[in-house]
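Thanks for coming, everyone. Let me put the structure up, and then we'll walk through a few parts of it together.

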Amino acid sequence: MEDFQPQKEKYLFLYLNTGNGHKAPAMALKEELEKYYNIEVVLMPGFAPKQVIARSFFEDGYHATTAAMPAAYSAFYDITTNKIVLRLCQAGCTIVTQFYLRKILKQHQITKVVCFHFAVGPAAKRAIQAVNPKIPYIVNITDPFTAHPAWYLVKNANFIAYSARLKEEMVQNHGINANKIGVFPFIIGSQFFCENDANILSRYKSANGIPPENKCILLAGGGEGLPGAAKILGELCRRIEPNEKISIIAVCGRNKSQNAIMQKQAKIHKNVDIHVLGFVENMHELIKISDCVVTKAGASMMMQILACQKPSIFTTYIHGQEKGNIEYVLQNGVGWFSRSPKTNANTALRLCRDRDFAQSAAIRLAKLNVKPDVPKIAKYIVEVEK
C-alpha cells in the first residue's frame, strides 16, 4: 500500500460527459454535502486528460450515436452485455485510468469515492486498492430501472439505486449483496419541485415571452436537442388553428443545425407563437409553464418533468438503459410513447385542448408525487463504511 495520510474528509465524485444524467446528480450531492456536512467534494471526469481515445469513444461517440445512429448504439449496448466483450472493454478503460486516479487520490487526500459512470468504476476500485484499501467506494447507478451489466463489474462496492425494481435485479441476477444497496428517490434539483403559485408561473411565462393566456407545448431533449423535433414542430404548426392560443417552445441545446431549421420553420408559420432556443439554464421554468413536454426518455429529463407534475410525450428511447423509463411512465399513466411525429403532435394538442383529458393526467401525476430526497442520499454516503 502506498503512503496515505488524509487530513480531512474529502470525497471524489467521478463522472463522464455522456449526458446530463451522470453529472447532474453528482452536482446536487456535492452541493448538499458541502453545505450541510462541511465535506469538500472533488468533482471531475474519470478519464485522464491524455486519454483522448477513451474520452472521444465514450463522450463524443455517445452523443453522436444516440442522436444520429441509435441502431449503432443499440448494437454496441447488446454486444457489451457479453461477459467476454465486457471484460475486454474493462481492461481497455482501466490500464491508464487507474494510474491517473492513483495520483488524484493522493494529491487530494481523498477519503471516499463515489462513481457516477460504469466505465470508470473498475479503474477507480483498483486505484483505491493501490493507494488505501480502506477508502469506501460507492457506485451511484444513474439508470433508475434498467441498467447495463457494466455497473456491476465491481461487486464488492456499496451501491445507490433509484428503484426497488433495480435492486431486485441486482440481487437476483448479478449477485450483489442486498445489504450493500441503498434505494432512494432519483436525484434532481429542488428547482424542479411542483410549483402551484400562479404568480410565480405568470412571472415565468412573462420572462420567457409566453402570453399569459396561452397553453404551451415544450419540445426538449437535453443538451443535444430532441431528435426529429423539426418534424414534430411541422405537424404541430399544421394543426394549430389561426389565432389559437397555443405557444411552442423548442429547445435545441447545442444542436446548431436543428436550431437553424426550426428558426426557418418559425418564420414560415408566423401565425403560430414559436420560440426556438439553444442551450438553456432555466429548464425548470420552461417545464413548469408548459402543459406537456415532448421529449426523449433520458432519466434526468423524465424525472424533472414528473417532479414538476407535467405529462410527458416520449418520441424515442435508448435501447436497454432507457426502456425501463418508458415502462414506468406508461404503467403509471402519466405519459405517452410514439415514434410518429403526427401522433405525438395530436397528443400534445389534445392535452392543450381537452380539459378532461389533461385533468385525468394531472390527477395521476399528483398521485405519483415524485419528489427527490437528496439529504437522505447524502446522509447514506456519509455513513457508508468500507
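Let's start with one residue: which residues does T315 touch, not counting residues up to four places away in sequence? The list is L226, P227, I232, V294, T295, F337, S338, R339 and N344, where touching, or contact, means heavy atoms within 4.5 Å. T315 sits in the loop between strand 11 (312-314) and helix 12 (323-331). T315 is buried, at a relative accessible area of 8%. The cut-offs there are under 20% relative accessible area for buried, over 50% for exposed, and partly exposed in between, using a 1.4 Å probe and protein chains only.

A quick word on where this comes from. What you see is a predicted model, so local features need pLDDT of at least 70 and side-chain atom pairs count only at pLDDT 80 or more, while totals for chains, interfaces and linings use all residues. Residues are numbered from 1 along each chain as its sequence is written, and side-chain values use heavy atoms, with hydrogens and water left out.

Now the overview. The protein has 15 helices and 12 strands; these are DSSP runs numbered from the N terminus, with helices being H or I of at least four residues and strands being E of at least two. Of its 386 residues, 54% count as buried. Take contacts between residues at least 6 apart in sequence: 70% of them join residues at least 24 apart.

Here's a case of that kind of thing, in another loop. Q51 lies between strand 2 (40-45) and helix 2 (52-68), and Q51 is buried, with a relative accessible area of 8%. Leaving aside neighbours within four places in sequence, Q51 is in contact with C93, V96 and T97. Q51 and T97 are 46 residues apart along the chain, and their C-alpha atoms are separated by 8.0 Å.

On to two helices. How many of the 11 residues of helix 8 are buried? Eight are, so helix 8 is largely enclosed by the rest of the structure. Those buried residues are A229, A230, I232, L233, G234, E235, L236 and C237. You'll recognise I232 from the T315 list. The cover over the buried residues of helix 8 includes strand 7 (215-220), strand 8, helix 9 (256-268), strand 9 (273-277), strand 10 (292-295) and helix 13.

Now helix 6, residues 164-174, where L166, M170 and H174 are buried. Looking down the axis of helix 6, those buried residues fall within an arc of 45 degrees, so they line one face of the helix; the arc is taken from the directions from the helix axis to the C-beta atoms. As background, an α-helix has 3.6 residues a turn, so residues three or four places apart point the same way. On the other side of helix 6, A164 and Q172 are exposed. Strand 5 (158-161) and strand 6 (181-183) are among what covers the buried residues. Right after helix 6 comes G175, with a positive phi near 70 degrees.

While we're on phi: most residues other than glycine have a negative phi. N243 has a positive one, near 70 degrees. N243 is in the loop between helix 8 (229-239) and strand 8 (246-251), and N243 is exposed, at 73% relative accessible area. N369 also has a positive phi, near 50 degrees. N369 lies in the loop between helix 14 and helix 15 (374-383) and is partly exposed, at 36%.

Next, cysteines. How many disulfides are there? Zero, taking a disulfide as a pair of cysteine sulfur atoms within 2.5 Å. For C216, the nearest cysteine sulfur is that of C352, 7.8 Å away. For C292 the nearest is again that of C352, at 5.0 Å. C216 is buried at 0% relative accessible area, and C292 is buried at 0% too.

Last stop: who supplies the lining of the second largest pocket? Helix 7 (198-207), helix 13 (341-353) and helix 14 (355-368) each supply at least two residues, and helix 14 gives the most, with seven. Of the 28 lining residues, K215, S290, D291, K310 and A362 are the closest to the pocket's centre. The lining divides into 13 nonpolar, six polar and nine charged residues. For the classes, Ala, Val, Leu, Ile, Met, Phe, Trp, Tyr, Cys and Pro count as nonpolar, Asp, Glu, Lys and Arg as charged, and the others, Gly among them, as polar. As for "pocket", on a 1 Å grid over the protein atoms alone it is an open set of points where a 1.4 Å probe fits, with protein on both sides within 12 Å along at least five of seven lines, and lining residues have an atom within 4 Å of a point.
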